[in-house]
Amino acid sequence: MFTAKTYHFAESLDDAFGLLQKNKTNTILGGCGWLRMTNKRIWTAIDLGRLGLDQIEETPEAVRLGASVTLRQLETCPALRGAFGGILPESVRHIVGVQFRNMATVGASVFMRAGYSDLCAALLALDASVVLHAGGEIPFAQFLEMPYTRDILTHVTIRKDGRKAAYESLRLSATDFPVLAVAVSRLGDDWRVSVGARPGKACRAPGSGRVGGGR
């Protein structure tokens with residue numbers, strides 16, 4: 001079980017970011033599903049729960065996922081069931097169990113960039129982007145290759161460009177980590193194929209891209 005000397009509800013993103021820089025053990029909290037299984041010692045635990053980042057926003061141009069949106073919200077959101085071939089609800093519905101998905105958040109799942117992340121594989125195929133408080137908006141593929149920084153992931157953005165997508169995973173048991181995760185999307189002649197849990201974090205499959213015209 002992790003321990004924290006102090007607990008702070010951030011009043012703004014600037015407040016959270018400034019506090020994060022003050023001590024290398026200060027930590028932004030997500031759902032704490034995996035954190036509670038560690039022995040990590042935190043000086044200040046920073047809670048973003050009062051900043052309104054728990055919303056799934058839809059505009060004519062994009063779907064925007066706040067960092068505090070839970071995996072269960074992704075699974076049950078009516079708008080997402082019909083978007084992008086339903087890939088987002090499908091990618092998270094096998095993760096551990098409903099109680100865990102009620103707690104685990106998009107921000108923590110994405111920022112970890114864990115090899116077993118079903119969500120990262122799906123977002124990579126959708127050509128999504130992430131929004132960092134200091135770093136700005138970054139393509140998801142680029143974000144996966146970046147070193148960890150003391151920044152705050154605030155949103156994940158997926159353009160509504162008409163892309164169709166699908167997701168499949170192989171598991172030894174229904175709620176286990178995936179042994180293999182594969183997501184594919186298509187927009188006209190442009191195909192995006194991502195593979196995760198290989199082992200290793202999600203990456204683009206070699207040769208995916210525009211049919212008949214390079215990667």
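Is Phe111 buried, partly exposed or exposed, and what is its relative accessibility? In this predicted model, Phe111 counts as partly exposed, because its relative accessibility is 21%.

**View 1. Phe111 and Phe143 as an aromatic pair in the predicted model.** A search of the whole structure finds 5 aromatic pairs, and one of them joins Phe111 to Phe143 in a tilted arrangement, with 6.3 Å from centre to centre and 50° between the planes. Phe111 belongs to helix H6 (residues 106–112) and Phe143 to helix H8 (residues 140–145), so the pair ties together parts that are 32 residues apart in sequence. Whereas Phe111 is partly exposed at 21% relative accessibility, Phe143 is buried, with a relative accessible area of 1%.

**View 2. The aromatic cluster and Arg113.** Phe111, Phe140, Phe143 and Tyr148 together form one aromatic cluster. Arg113 lies over the face of two of these rings, being placed 4.0 Å from the ring centre of Phe143 and 4.2 Å from the ring centre of Tyr148.

**View 3. Cys120 and Cys203, which are not joined by a disulfide.** The search of the whole structure finds 0 disulfides. For Cys120, the closest cysteine sulfur is that of Cys203, and because the two sulfur atoms are 12 Å apart, they are too far from each other for a bond; a disulfide would require them to lie within 2.5 Å. The surroundings of these residues can also be described by accessibility: Cys120 is buried, with a relative accessible area of 1%, whereas Cys203 is partly exposed, with a relative accessible area of 26%.

Definitions and conventions
Residues are numbered from 1 along each chain as its sequence is written. This is a predicted model: local features need pLDDT of at least 70, side-chain atom pairs count only at pLDDT 80 or more; totals for chains, interfaces and linings use all residues. Side-chain values use heavy atoms; hydrogens and water are left out. Rings of Phe, Tyr and Trp (its six-membered ring) pair if their centres lie within 6.5 Å; planes under 30 degrees apart count as stacked, over 60 as edge-to-face and the rest as tilted. Helices (H or I, at least four residues) and strands (E, at least two) are DSSP runs, numbered from the N terminus. Buried means under 20% relative accessible area, exposed over 50%, partly exposed in between (1.4 Å probe, protein chains only). A charge sits over a ring if NZ of Lys or CZ of Arg is within 6 Å of the ring centre and within 35 degrees of the ring normal.
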